[in-house]
Amino acid sequence: MPDPSDEDRTASLMTPAKLAQLKVRPAPAASPSAWLDQMAADAGSGHVRRLLDLRQQIAGQLREPELHGVAGACQELHDALEKLDFAQLEPKGLIARVTGRGKEATAGFVAQYDRATHAADDLADEVRSLQRKQQAQGTALERALVEFDVEIRAIEKIMDQGARWLQDMRNQLKTRQAAGGDAAAQEQIRQDTARCELLVARLKLLRTANSAAQEAVERCKGAAGRHAALVESAQRLVENEWKPARQKLEAVAEQAVAAGSASEGVEAARGARKELQAALQQVVQDCGALQAQEQAAGDMLAGLQVSLQAAA
């Protein structure tokens, strides 16, 4: 008894109904042969059209512009921290204390510290905004990418079925050509040969489109994963890097206001500033790298339009 799994490998069983499973859009045909010709030329078109729709959705969900706010806020805080002049906290001599220059220097440091805290508040706002957008859009993008994968696998299955049918039909054609036959038989051989060529051309289009789609979706997945990681990194910076640094900076600022100078905790504050600035610069660099990655993914999606339309 033949294996039922061999049904889609046998050209003689590739009936109009079987080929119809390879497409979504129905099309009238004048004869069974014309129907088979249409299927060979149009196999998988429904999946390709769905890829076109998903391509547009995903392109609209890539979020490269959203990173400018976080990158800019990180740079603002970095620059504000750079302007902190710890020398203004050093104990002042008698003349400085009498003339009030010591208080002026201390007040200058406090003003610089206040500007840094305002910059940090702006960064926290940008991070919260990015988190909200990630939560709102991340699920939709993930779902679109999953569906994109499903359509790619469906087209791969159609290409595998078509390749097996093509190989089987060519083997049959060799046997039929060797056997000869009357004019009607020769005409049928000619039609089947032409149908094979139609399928060859169709499979080539599908292969080109599917390969481009696979590369584009992988780029988009990479950008989406990196975007989520960047959101987490920015949140950690606000929660785990800025807060302890702020405590050290605030301590020396309060000490300077109370005593006119500060000595304890200044080195710890300097070290906290340095570490925080390094973390801020890393996020700025990560934003730039992700912007480039999302732009490249967007460009690839735009280029995908051509190959998908050719196969639609």
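**Exercise 1. Overall architecture**

What pattern does the protein follow when read along the sequence? Determine also how many helices and strands there are.

*Solution.* The model is a predicted one, in which local features need pLDDT of at least 70 and side-chain atom pairs count only at pLDDT 80 or more, while totals for chains, interfaces and linings use all residues. Residues are numbered from 1 along each chain as its sequence is written, and side-chain values use heavy atoms, with hydrogens and water left out.

Step 1. Helices (H or I, at least four residues) and strands (E, at least two) are taken as DSSP runs, numbered from the N terminus. The protein has eight helices and zero strands.

Step 2. The pattern along the sequence is α-α-α-α-α-α-α-α.

Step 3. A contact means heavy atoms within 4.5 Å. Among contacts with a separation of 6 or more, 83% join residues 24 or more positions apart.

**Exercise 2. The nonpolar cores**

Identify the residues of the largest nonpolar core that touch the most other members, and the helix that gives the largest share.

*Solution.* Step 1. Buried means under 20% relative accessible area, exposed over 50%, and partly exposed in between (1.4 Å probe, protein chains only). Of the 312 residues, 41% count as buried.

Step 2. A nonpolar core is a set of buried Ala, Val, Leu, Ile, Met, Phe, Trp, Tyr and Cys residues joined through side-chain atoms within 4.5 Å. The largest one has 41 residues, of which V70, L77, L81, F86, L123, L249 and L280 touch the most other members.

Step 3. At least two residues of this core come from each of α4 (67-82), α6 (101-179), α7 (183-259) and α8 (266-311). The largest share, 11 residues, is that of α7.

Step 4. Leaving aside residues up to four places away in sequence, L249 touches L81, L84, F86, Y113, W242 and A269. A second, separate core of 36 residues includes L54, L145, W165 and L304.

**Exercise 3. The aromatic pair**

Characterise the geometry of the pair formed by F86 and F109.

*Solution.* Step 1. Rings of Phe, Tyr and Trp (its six-membered ring) pair if their centres lie within 6.5 Å; planes under 30 degrees apart count as stacked, over 60 as edge-to-face and the rest as tilted. One aromatic pair is present in the structure.

Step 2. F86 and F109 lie 5.5 Å apart, centre to centre, with 50 degrees between the planes, and the pair is tilted.

Step 3. F86 belongs to the loop between α4 and α5 (94-99) and F109 to helix α6, 23 residues apart.

Step 4. F86 counts as buried because its relative accessibility is 3%; F109, at 0%, is likewise buried.

**Exercise 4. Helix α8 and its residues**

Compare the span of α8 with expectation, and describe Q293 and C287.

*Solution.* Step 1. The expected span of a helix is 1.5 Å times one less than its number of residues. The 46 residues of α8 should therefore span 68 Å, and the 67 Å between its end C-alpha atoms agrees.

Step 2. The bend at a residue is the angle between axes fitted to the seven residues ending there and the seven starting there. A kink of about 25 degrees in α8 is centred on Q305.

Step 3. Q293 is found in α8 and is partly exposed, at 21% relative accessibility. Not counting residues up to four places away in sequence, Q293 touches R219, G222, A223 and R226.

Step 4. A disulfide is a pair of cysteine sulfur atoms within 2.5 Å. The sulfur of C287 has its closest cysteine sulfur in C74, 6.2 Å away, which is too far for a bond. C287 is buried at 1% relative accessibility, and zero disulfides are found in the whole structure.
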